[in-house]
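Let's take a walk through this one together. Have the model open and follow along as we go from charged pairs to helix packing and then out to the surface.

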Amino acid sequence: MGCCKVPALIQAQVEMGLVNDVEHKSLFRRETDSPQRKAASLMEQGSLSASFRERATKTPMNSVLQSFKIVILSNKLNLLLPFGPLAILLHYLTDNKGWIFLLSLVGITPLAERLGYATEQLACYTGSTVGGLLNATFGNVTELIISIFALKNGMIRVVQLTLLGSILSNMLLVLGCAFFCGGLVFSQKEQVFDKGNAVVNSGLLLMAVMGLLFPAVLHYTHSEVHAGSSELALSRFSSCIMLVAYAAYLFFQLKSQPSSYTPLTEETNQNEEASDDDEDPEISKWEAIIWLSILTAWVSLLSGYLVDAIEGASVSWKIPISFISVILLPIVGNAAEHAGAIMFAMKDKLDLSLGVAIGSSIQISMFAVPFCVVIGWMMGAQMDLNFQLFETAALFITVIVVAFFLQEGTSNYFKGLMLILCYLIVAASFFVHEDPRQG
């Protein structure tokens, strides 16, 4: 009877991914050994997984100076940090909005990347499920802060275009670069990801397009019951519905489908044990929280100067505000997602890359956009979901193209290249597009 139970336990462990094929064979070879060796073998498996969990959650003890070196001095991109204070200095010394905007933009870039780093460090203590949500949330905090400052200044159009640009950038540029780089590293095979999750995410993005499409159609068909107010009322109602849908999506991901953010089970060989050592947290949980607070405050400060200089930079550089808002601002805001998605793809973790790129697009379209409508409602601003015909069409076509690329559940460098080229077409379109509702 004991001989029947042990192989069953071993088989269950194999099916759950706790032991790899080599261990599977060796354990079955030891089936004929003594009961003591069987028990020792199973205890060894348990101790290995326990030591792995202990190693994954070990907390480093850093002094203030050590923490500063790890977060600020360890990354070469942080050489751009002085451009932020320089932008603030120029704001009070000169009236050249072009230079103020450029320096603010460059100064925010390393802050966005460090926000992503601090979030990843915090995710080491919260687990993969909450960690995935944290990565998506703080990855978009730059765009949210810029949008709130623009909304406060009455620049509703900048808010709409910045959020739209973030969605387009994540779906085409970030995902395209991830597919391309991952495809080059693994050129001898097609990388695979969870097709079921991709279909659900595509459906959510299409729902977001629906929310933006009907106010625009209502406006351009002149079919409003109450001219000037029905469009705004529909936008606010749709925003509340989209927020409810996003809350239901979060509940579904965190409770019903907790494995969505969980990385694929890896074989426990020596090379991957070494890589696990590299992924141990470098700073403690409270250090990560403190750095997130500091970086968010600094991004908020710089965003105020950045938004204030957008219109002046547009005139100075003779570049449409729509191009600045849709292309330039999101590239900076998505720096953390861009780096993270590419890194995961080059490690053959396509599900995580999609979680970063598509998950971020869902959060912007289903949370940030309706959230800004509600915040504008509270401020008395006429923020609505009518992103105009050109912009709504660009988003609709982008979602359709990405959905077609995701439907097979595989990726390669060619698909990545096509998405990048699609983004270049979008960028060129906004460069020659004159927005009728600037301001």
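How many salt bridges does the structure hold? The count is 4, bearing in mind that we are looking at a predicted model. As background, side chains of opposite charge can pair when their charged atoms come close.

Start with Lys-97 and Asp-308, whose side chains form a salt bridge at 3.1 Å, N to O. Lys-97 sits in helix α6 and Asp-308 in helix α13 (residues 285-308), so this pair ties together parts that are 211 residues apart in sequence. Lys-97 is partly exposed, at 21% relative accessible area, and Asp-308 is partly exposed too, at 38%.

Now find Arg-157 and Glu-391, another salt bridge, with the closest N and O atoms 3.0 Å apart. Here again distant parts of the chain are linked: Arg-157 belongs to helix α9 (residues 156-185), Glu-391 to helix α18, and 234 residues separate them. Are these two buried or exposed? Both Arg-157 and Glu-391 are buried.

A further salt bridge joins Lys-415 to Glu-408, the closest N and O atoms being 3.2 Å apart. Its two ends look quite unlike each other on paper: Lys-415 counts as buried because its relative accessibility is 9%, under the 20% cut-off, whereas Glu-408 is exposed at 52%.

Back to helix α6 (residues 97-126), since it also packs against helix α14 (residues 310-317): the two axes come within 7 Å and cross at roughly 115°. The crossing is left-handed. Which residues meet there? From α6 come Lys-97, Gly-98, Phe-101 and Leu-102, and from α14 come Ile-310, Gly-312, Ala-313, Ser-316 and Trp-317. Lys-97, then, appears in this helix contact as well as in the salt bridge with Asp-308.

Helix α18 deserves a second visit as well. On the surface, Leu-206, Phe-396, Ile-397, Ile-400 and Phe-404 make up a nonpolar patch with about 450 Å² of accessible area together. The largest share, 4 residues, comes from α18 (residues 389-406). Ile-400 is in that helix, and at 31% relative accessibility it counts as partly exposed.

Finally, step back to the whole protein. It has 19 helices and 2 strands, and 50% of its 439 residues are buried. Among contacts with a separation of 6 or more, 83% are between residues 24 or more positions apart. The accessible surface is about 20,900 Å², with 67% of that belonging to carbon and sulfur atoms.

Conventions
Residues are numbered from 1 along each chain as its sequence is written. This is a predicted model: local features need pLDDT of at least 70, side-chain atom pairs count only at pLDDT 80 or more; totals for chains, interfaces and linings use all residues. Side-chain values use heavy atoms; hydrogens and water are left out. Patches are made of residues with over 30% relative accessible area and no salt bridge: like charges are joined within 9 Å, nonpolar side chains (Val, Leu, Ile, Met, Phe, Trp, Tyr) within 5 Å. Accessible areas come from the Shrake-Rupley method with a 1.4 Å probe; for residues, only the protein chains shown count as cover. Buried means under 20% relative accessible area, exposed over 50%, partly exposed in between (1.4 Å probe, protein chains only). Contact means heavy atoms within 4.5 Å. Axes are lines fitted to C-alpha atoms, for helices over the stretch in contact, and angles run from 0 to 180 degrees between N-to-C directions. A crossing is left-handed if the near helix is turned anticlockwise from the far one by less than a right angle, and right-handed if clockwise.
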